Amino acid sequence: MKKINLRNSLLASSLFSVLLLGSCKENTSTETEEVASEETAQTETSTSEESKESELDFIFPKGDKGPEKNFTGNAFNAGLVAPDPTYTTAVGNVYFEPGGRSNWHTHPGGQILIITDGKGYHQIEGQPKEIMEKGDVIKCPPNKRHWHGASEDTGVQQMYIVPNTEKGIVEWMEAVTDSVYTK
Ligand code: MN
């Protein structure tokens, strides 16, 4: 087995910012300031929400914030394996902050989610919303409209595996409304 090195990981991470989450360069400086002030706040005070977040296991780097056009609330993506002609598989980790979720979307080649910590929801269109928690493995069938994200009060760490990337990775659609999210 070959362990990916930091350089490959960084390359994969930047690739994913473009491929999976899109570019969000417009707000880079603002986001950096917000992150910095959040970190300062965490060292000085500890509200209940921050405590919940810090309880989650961060196996991988937090990654880059997903763009508002594809996500409601905050989601951070760290690419781990960039797709290539040999493996035709994309792997990465998304951390959804409490309340954060993806838009509706499809994966032409399907998707597998492995939850490594926290609590979240996923829903395939036409089926009930389901809870996803640490240890859950979830299959999203090819071309089925679905969304996934954190619960209202607890974030979620979600590793994604997207196979068959020669068919495409993701097609983004409209946001998940509050009424669908809370149903
Ligand atoms: Mn998905």
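This report describes the fold content, one strand hairpin and two backbone outliers of a predicted model.

**Overall content**

The protein chain has 183 residues, of which 32% are buried. Its secondary structure consists of four helices and twelve strands. Of the contacts between residues at least 6 apart in sequence, 74% join residues at least 24 apart.

**Hairpin of E7 and E8**

Strand E7, residues 111-124, pairs with strand E8, residues 130-133, in the antiparallel sense, and the pairing runs over four bridges. Across this pair, His-122 stands opposite Glu-130 in E8. Five residues lie between the two strands of the hairpin. Gly-126, in this hairpin, takes a positive phi near 90°.

**Positive phi outside glycine**

Most residues other than glycine have a negative phi. Two residues with a positive value are listed below, each with its loop.

| Residue | Phi | Loop between |
|---|---|---|
| Thr-88 | near 40° | strand E3 (75-81) and strand E4 (89-96) |
| Asn-164 | near 55° | strand E11 (156-163) and strand E12 (171-172) |

Are Thr-88 and Asn-164 buried or exposed? Thr-88 has 14 other C-beta atoms within 10 Å, so this residue counts as partly exposed. A residue is buried if 20 or more such atoms lie within 10 Å and exposed if 12 or fewer. Asn-164 is also partly exposed, because 17 other C-beta atoms lie within 10 Å.

Key
Residues numbered from 1 in each chain as written. Predicted model: local features only at pLDDT ≥ 70, side-chain atom pairs only at ≥ 80, totals over all residues. Pairing = 2+ DSSP bridges. Contact = placed C-beta atoms within 7 Å.
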